[in-house]
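Student: I should like a close look at a single part of this structure, namely the way its helices pack against one another. Please connect the answer to the surrounding residues where that is useful.

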Amino acid sequence: MQTGMIGLEKIFSKSSFTREDIVYLLGLQGTEKTQLFAESARIKEKHVGNKVYFRGLIEFSNVCLKNCLYCGIRLDNKDVHRYNLTDGEILDAARFAADNKYGSLVLQSGEIQHLNFTDRMEKLLTAIHQATGGKLRITLSCGEQSQDTYKRWHNSGAHRYLLRIESSNPELYKKLHPNDENHSFQRRLDSLYGLQKTGYQVGTGVMIGLPFQTLDDLAGDLLFMQQFNIDMVGMGPYLEHEETPLYEFRDKLLPREERFQLTLKMIAVLRILMKDINIAATTALQAIDKLGREKAIKIGANVIMPNITPGKYRDDYLLYQDKPCTDENPDDCKTCLEARIALADNVIAYGEWGDSKYYSERIKKS
Ligand code: SF4
């Protein structure tokens, strides 16, 4: 085990990190933590620059057929008002993104595996590209689907897909999900491989500061992302929701500020490990610290997902509680983000797709 600044320099000089190195980095405090953030900021500047890419986020439906134990919109939460945007509302939001030069769009929903849903998305993807003159890259975040569905959506113009692994430790994954086939770790892994095989830019992510989670688990998560050749990552602090079964273990949680700091360290270490991937500064960071996303941008993240879901639906997409910006309209969100990103000495790359550089290299090599 390394100790002090010398240990830190030694780790930074390595071409790859061991699990023990990562655990050490995630435990840093004080000046050593500051040094970690300086190193990740340097690597970010060198490999992806100081541009921040916007992905306009449309949470188009909170209908979900699954029951993840941490999630506020899980099927068994009967207090949720379920909604489903019309195609017209989704197209309006997509036009807003294109008109405001966002470059990219994320369509996110609960998980529904049904032919009608597959058909609807296929048509919608084509309609969005037509309505916006092909100006937008489209990311989908609609959970586990069949290989055929992934292919159909890809052929209709979805270029990227986000599917969080949530935890790469199968034992911890089991504690976060009901023990049935519908929530199997293996199925989640197979879906990620299926997405990669289809040709998507594949994004994943984990929750940080979960009950039962150790630094060793988190180190394993980062190594998983590296070994899987993931192109994009969105990870944030775990925020408990009182209408979920996992809330029972709230006394096992780190204080929120510690979960926040641990998330920043995860982003910093990931940036050093995977220098040219896209890393999102997630909204969950802002739920703990008002300047949370800016802090993440400063030390390694390069993507922000402004919420462009029509305001009246936002209170119903509460995966966790205290979610910020649910009462604002898309314009407010854009304006506040511009000021915040300037504070982090970064600039918004308006009108650019901002594809993952890592993905381009991966495709060239394959
Ligand atoms: S995490 Fe996703 S799949 Fe799981 S219950 Fe929530 S919306 Fe559904």
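Tutor: A helix axis is here a line fitted to the C-alpha atoms over the stretch in contact, and the angle between two axes runs from 0 to 180 degrees between their N-to-C directions. Two packed helices are described by the angle between their axes and the distance between the axes. The model under discussion is a predicted one.

With that definition, consider helix α10, residues 256-273, and helix α3, residues 30-47: the two pack with their axes 9 Å apart and at an angle of about 45 degrees. That angle makes α3 oblique to α10. In handedness, the crossing of α3 and α10 is left-handed. On the α3 side, the contact is formed by Lys33, Leu36, Phe37, Glu39, Ser40, Ile43 and Lys44. On the α10 side, the contributing residues are Gln261, Leu264, Lys265, Ala268, Val269, Arg271 and Ile272. Sorted by class, the residues of this contact comprise 7 nonpolar, 2 polar and 5 charged.

Helix α10 also packs against α9, which spans residues 215-228. The axes of α9 and α10 cross at roughly 35 degrees and come within 11 Å. The crossing of α9 with α10 is right-handed, whereas that of α3 with α10 is left-handed. From α9, the residues Leu215, Leu218, Asp221, Leu222, Met225 and Gln226 take part. They meet Leu262, Met266, Val269, Leu270 and Leu273 of α10. The class division of the contact between α9 and α10 is 9 nonpolar, 1 polar and 1 charged. Val269 of α10 appears in the contact with α3 and again in the contact with α9.

The segments adjoining these two helices deserve attention as well. Asparagine 229 is located in the loop that leads from α9 to β7, residues 232-234. Its backbone is notable in that asparagine 229 is not a glycine, yet has a positive phi of about 60 degrees. With a relative accessibility of 33%, asparagine 229 is classed as partly exposed. Ahead of α10, glutamate 248 belongs to the loop between β8, residues 236-237, and α10. Glutamate 248 counts as exposed because its relative accessibility is 58%, above the 50% cut-off. Between the C-alpha atoms of glutamate 248 and proline 211 the distance is 9.8 Å, with 37 residues separating the two in sequence.

A further helix pair allows a comparison. Helix α4, residues 87-99, and helix α5, residues 115-131, have axes that cross at roughly 40 degrees and come within 10 Å. The crossing of α4 and α5 is right-handed. Asp87, Ile90, Leu91, Ala94 and Arg95 represent α4 in the contact, and Arg120, Leu124, Ala127, Ile128 and Ala131 represent α5. In this contact 7 residues are nonpolar, none is polar and 3 are charged.

The loop between β1, residues 51-61, and α4 contains valine 80, and lysine 78 is placed in the loop between β1 and α4 too. Lysine 78 is exposed, at a relative accessible area of 65%, whereas valine 80 is buried, at 17%. The C-alpha of lysine 78 is separated by 9.4 Å from that of glutamate 243, which stands 165 residues away along the chain. For valine 80 and threonine 31, by contrast, a sequence separation of 49 residues goes with a C-alpha to C-alpha distance of 44 Å.

Turning to the ligand, its surrounding residues are Cys64, Lys66, Cys68, Tyr70, Cys71, Ile73, Arg74 and Gly110. By class, this shell holds 5 nonpolar, 1 polar and 2 charged residues.

The last region to be described is around strand β11. Aspartate 345 sits in the loop between α14, residues 330-343, and β11, residues 347-348. Although a residue other than glycine, aspartate 345 has a positive phi near 60 degrees, and at 56% relative accessibility it counts as exposed. Isoleucine 348, within strand β11, is buried at a relative accessible area of 16%. Apart from neighbours within four places in sequence, isoleucine 348 contacts Val52, Phe54, Glu338 and Ile341. Its C-alpha lies 9.3 Å from that of leucine 337, and isoleucine 348 and leucine 337 are 11 residues apart in sequence.

Notes. Residues numbered from 1 in each chain as written. Predicted model: local features only at pLDDT ≥ 70, side-chain atom pairs only at ≥ 80, totals over all residues. Heavy atoms only, no water. Helix = DSSP H or I, 4+ residues; strand = E, 2+ residues; numbered from the N terminus. Parallel < 35°, antiparallel > 145°, perpendicular 65-115°, else oblique. Left-handed = near helix turned anticlockwise from the far one by under 90°. Contact = heavy atoms within 4.5 Å. Nonpolar A, V, L, I, M, F, W, Y, C, P; charged D, E, K, R; others polar. Near = heavy atom within 4 Å. Buried < 20%, exposed > 50% of the residue type's maximum accessible area, 1.4 Å probe, protein only.
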